[in-house]
Amino acid sequence: MPSFPPSVRPVLAALLTALVMASSVLVSGPATLIPAAHAAPPAPSADAEVSMDLVSLTPTSLAPGGTLEAQVEVTNTSSEPLSALSLDLRTRSARVTDRGMLAEWQSDTSPDTSGAVLASSPAHPQLAPGESALLTVQIGAEKLGYSEEPYFWGTRRLSLTVTAEEQPLGTLRTFVVWRPADATDTITQSVLLPLAAEDASAPVIDPEAFARSSESGRLASVRGLAQREDVDWWIDPALLDPPQMPVENGADEPTGDGADEESPLGPVREYAPDPRSAELAALLAESVGERTVLAMPYAQADPVSLQQAGADRLAGVALDRGDQVWEESGITPRAAALPLDGTVAEPEQLDSVLAAGGTAAVVPSSSLRESPSSTVTPSSVGIFDSTSTAGAQLQLLAPDPELSAEFSLLTEGSDVEQTQQRLLAETATIASEFASAPRHLLISPSADSVLDPAAAGAALDALAEAPWIEPGRTGDLLDAADRQDWTTDPRSEGEELYAHGRVTPEEVHPSGPADNGRWGTLAQAGEPQLLDPTALRELDAAWEQVDTLAAAMDDDSPLDAPRLEILAGTSMRWRGEPEIPAARAEDASARAAQLQDRIEVVPASGYNVISDAVSVPITISNGLDTPITVRIQVTSDRPLVKIGESKVVEVPARGQIDAAVQVEAIANGTVTLTTVLTTEDGRPLTAPVDVPLTVNPSWENWTTLLLVIAMGLLVVVGVARARRIGSSTRAPAIRGPEDPVELARSGRSTLDTSSTERLWSRRADADAGPDPATDPDPDPDPSEEDHR
C-alpha cells in the first residue's frame with residue numbers, strides 16, 4: 001500500500017472520488033439520458049403493493065473474492081396475485097464519505113431503476129394476496145466494480161428492487177462495507193447500555209405489570225443484554241435493591257375473623273425481598289465483571305427538578321439510598337452520570353447537572369460541535385468548564401446521536417437486519433474519515449427503548465466481527481477526561497485521542513434530528529420540562545410521614561412499599577406528566593397513614609382522683625408486624641394537676657400493653673387529659689385522645705378524719721350502752737324487801753345475801769309454788785311468764 005503525506009491525502013481523496021463517481025455515471029448514467037426503448041417501465045398500479053423485510057445480508061465485511069448474498073422477505077399486500085416475482089440488485093460504486101448521504105439513501109422508498117441490474121434472484125411463480133416469499137440474490141465481489149485499493153475501502157450503497165413481470169414494485173435501500181485486505185483504518189467503540197425499569201415501584205404498586213416486564217418487557221431485555229461482556233452499564237441502583245414484601249404464607253391482613261389465638265390483632269407477618277427483583281439483582285451482581293459501571297440516581301430520580309423545587313430532603317434521600325446500595329453490592333460506579341437532552345442543551349443546563357451532584361453528563365455529541373456534519377467525527381469525551389462555579393469541571397460523555405438512535409430501533413418487530421446494516425455503514429464511514437489520530441466512539445441507546453435481546457445481540461455480534469472496530473470500555477473515555485491527554489487535531493500522529501477536549505460555554509448549543517434522521521444544530525433551545533414543583537413538595541411531605549413512622553419501628557421493612565413509591569414518583573421519566581408524581585404522593589401518603597393508624601391509644605371513660613397522686617393507666621395497641629418504641633406524652637388543659645415525666649415504652653408486634661402515667665393533684669376540679677404517642681424524638685404518631693379527669697386532692701385527708709371520728713363515736717356509744725344495759729342482762733337473783741329509807745337515800749340495795757344464796761332462794765320459792773296469801777292470782781299470764 002503506497003504511503004502519502006498527510007497534506008496530499010485530501011487532494012488524492014477528492015480526485016479519486018471524482019473518478020469513481022464519473023465511472024459510475026458512465027455505467028449507469030442519469031435517467032434522462034436513457035434511450036426511449038430502455039426507459040423505466042411505468043409505475044405499478046396502486047393496488048399492486050408489496051412490503052419488504054431484509055432478512056440477511058452477508059458478509060459483514062465484503063472483501064475481494066467474496067460473495068454478497070441478500071435475502072428479502074416479500075409480502076403481497078395488494079388484493080391481487082403477483083406473478084413472476086424477482087429481486088434485482090443494483091449498487092453505487094462510489095464510497096460514502098458524508099454520513100448525511102446514509103440517511104438520505106435509506107429514507108428513499110421509491111423504486112430504484114437507475115443503473116444496470118447486476119444480479120437477480122430466481123423468479124417466484126406467483127404470490128397470492130397476504131402471502132410471503134423469501135427471495136435471495138447473490139453476486140460475486142468482482143462484479144460490483146469496487147476499487148481494490150485499500151484507501152477506497154468503506155461504505156457502498158445497495159438497492160434491492162422487487163419486480164413482478166419485470167415491473168418494479170418497491171425498493172429496499174441498504175449498505176455493504178467494502179474492505180480490501182490491506183485496509184487498516186480502525187476506530188475504538190464502546191456501548192453504554194442504560195439499565196432501568198419503566199417504573200421502579202412496579203413490584204409494590206403493580207406486581208402484574210412487573211411480572212410482564214420481567215418475562216417479555218424491558219426487564220427481560222435488561223436480563224438478556226446486561227450479561228454480555230461487550231456492553232457497559234449505566235444502571236439504576238434500584239435494580240440491585242429488591243424491595244421487602246410480605247411473605248406469602250396464607251395469612252391475610254389482620255381482621256377480626258382472621259386473628260389468631262395468640263394475638264387479638266392478627267398474625268405477625270414476615271417480610272423478605274421480592275423474589276423476581278432479588279433474582280435480577282443477584283444476576284446483575286454476578287455479571288458486573290470488569291465492565292465500566294455508571295450510576296443513575298436511585299429510581300431514576302430527577303435531582304435537578306428536586307433541587308429547583310426546594311425538595312432537598314428527597315434529593316438527599318435518593319443520593320444516600322444509592323450510596324447504600326453501591327456499598328452493599330460491592331460495585332463501585334465510575335461516575336454519577338445524568339442525561340441531558342440535546343434539544344435543551346445549554347451551558348446553564350450543564351451547570352444544573354453539577355449543582356445537582358452529577359460528576360458526568362451524557363449529552364449528544366452534536367450539541368458540543370459547532371458543525372455536527374463536519375468531515376471528521378471526534379471521540380465521545382470532553383470537559384465542560386462551569387460558568388457559575390469558578391474552577392468546577394464536569395466530565396462529558398458525548399455518544400454519537402445517529403448511532404445511538406439507530407441502536408434504539410433494535411426492538412421486537414423492527415427490521416433488525418436493515419438497522420444492523422445502517423450501524424455497520426455508519427461506523428465504517430466514520431472509520432474511513434480522513435483522520436490519523438485515534439478515536440473512541442460511544443453508542444448509548446435511549447433509556448426509553450425496549451431493546452429486543454436477540455436483535456440487539458445480533459447487532460453487537462456484527463459490530464464485533466467488523467474489522468474496522470476495536471472494542472473499548474467507557475471507562476477509557478473517562479480516564480482520558482481525567483488526564484486530559486487528548487488532541488483537537490484529527491491529523492495528529494500521536495497516541496492522544498482526537499476528542500471534543502475542553503468545551504467552552506459558547507460551544508454548547510441545542511441539537512436535534514432532522515427529517516432524514518441526521519442531527520444538526522437547532523436555532524433555539526427548547527424549554528426544559530422539569531417535574532411539577534407542587535407534586536414534588538407533596539412527595540416530600542409524604543416522605544416525612546413515612547420517616548416519622550420508621551423512627552418508631554424496630555424493623556422498617558413494611559415501609560419499603562411507600563418509600564419506593566415516593567422515590568419512583570421523582571423519576572425524570574415523569575417530566576411533562578405532573579399528574580403521575582401527584583398520584584404517587586397521594587397513594588404513598590395513604591399507605592403510610594394506613595400503617596400509622598395501626599398504632600392506637602385505647603381511651604378510658606374517665607378517671608377520679610381523690611388523693612394527692614395517682615398512676616393513670618393508658619392502654620397502647622400496636623397492629624404492625626414489628627415492635628415499636630414510643631413515647632407517651634400526656635398534657636392537661638388546666639393547671640389543676642401536675643403530669644409526671646413522659647415514658648418511653650416498647651409495644652410488641654400485633655400486641656398491646658398497659659402503661660401508667662403519674663398525675664399529681666394540685667386543686668379540686670375537672671380537667672381533660674390529652675394523650676399522644678410520639679417517636680422518641682417527639683414526632684407525633686397518633687391523633688390526640690382526650691379523657692376527662694375529676695380531681696379532689698382534699699378528699700383523702702377529710703375522709704380519713706371523718707372515719708376516725710366516726711369510729712370513736714361508735715366506741716363511746718357502745719361503752720355507754722353496755723354500762724346502761726349491762727346489769728339487766730345478768731342472771732336473775734333472789735331479791736328481798738328493801739329498806740325504803742335507805743334505798744331512797746343512797747339508791748343502793750341493803751340486802752347482803754350473796755348471789756349464790758339469792759339464786760338458791762329464788763329456786764326454792766319457785767319449787768314451793770305461789771303463796772296464796774301474797775299472790776292473789778295463782779295462775780300467771782303465760783305471756784308475762786314468757787316475758788320474764
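Select strand 24, residues 599-602, in this predicted model, and colour its side chains by face: I599 and V601 point to one face and are buried, whereas E600 and V602 point to the other face and are not buried. In a regular strand the side chains alternate between the two faces of the sheet. Next add strand 26, residues 613-622, which pairs with strand 24 in the antiparallel sense over 4 bridges. To find the register of this pairing, centre on V602, whose bridge partner in strand 26 is T619.

Move now to the open sheet of 3 strands, whose order is 1-2-6 and whose pairing is antiparallel. Which strands stand at its edges? Strand 1 (50-58) and strand 6 (132-140) are the edge strands, each of them pairing on one side only. Looking across this sheet, one finds neighbouring strands turned by 20 degrees against each other on average, with direction ignored. Strand 2, residues 67-76, pairs with strand 6 in the antiparallel sense over 9 bridges, and a convenient place to inspect that pairing is Q71, which stands opposite T136 in strand 6.

From the same region, select T58 and P59, which are joined by a cis peptide bond with omega at about 0 degrees. P59 is placed in the loop between strand 1 and strand 2.

Helix 8, residues 312-329, is the next stop, and its length can be checked directly: at 1.5 Å a residue its 18 residues should span 26 Å, and the end C-alpha atoms are 26 Å apart, which agrees. Select L314, V317, A318, R321, G322, V325 and W326, the buried residues of helix 8. Seen down the helix axis, these buried residues fall within an arc of 165 degrees, so they line one face of helix 8. An α-helix has 3.6 residues a turn, so residues three or four places apart point the same way. Turning to the face away from the buried side, one meets the exposed residues D312, L319, D320 and E327.

What do the buried residues of helix 8 pack against? Display strand 10 (232-235) and strand 13 (293-295), then helix 7 (303-309), helix 14 (533-552) and helix 15 (560-568), since these are the elements against which the buried residues of helix 8 pack. Just past the end, helix 8 is followed by G330, whose phi is positive, near 80 degrees.

Continue to Q349, which lies in helix 9, residues 347-355. Is Q349 buried or exposed? Q349 has a relative accessible area of 17%, and because buried means under 20%, Q349 counts as buried. To see its surroundings, show L340, V344 and P528, which Q349 touches when residues up to four places away in sequence are not counted.

Finish with two backbone positions outside glycine. E166, in the loop between strand 7 (154-164) and strand 8 (167-178), has a phi near 70 degrees, a positive value in a residue other than glycine. With a relative accessibility of 71%, E166 counts as exposed. Then go to Q484, in the loop between helix 13 (474-483) and strand 20 (486-487); Q484 is not a glycine either, yet its phi is positive, at about 55 degrees. The relative accessible area of Q484 is 29%, and Q484 is therefore partly exposed.

How values were computed: Residues are numbered from 1 along each chain as its sequence is written. Side-chain values use heavy atoms; hydrogens and water are left out. Buried means under 20% relative accessible area, exposed over 50%, partly exposed in between (1.4 Å probe, protein chains only). Two strands pair if DSSP finds at least two bridges between them. Contact means heavy atoms within 4.5 Å. Axes are lines fitted to C-alpha atoms, for helices over the stretch in contact, and angles run from 0 to 180 degrees between N-to-C directions. The expected span of a helix is 1.5 Å times one less than its number of residues. The arc is that of the directions from the helix axis to the C-beta atoms.
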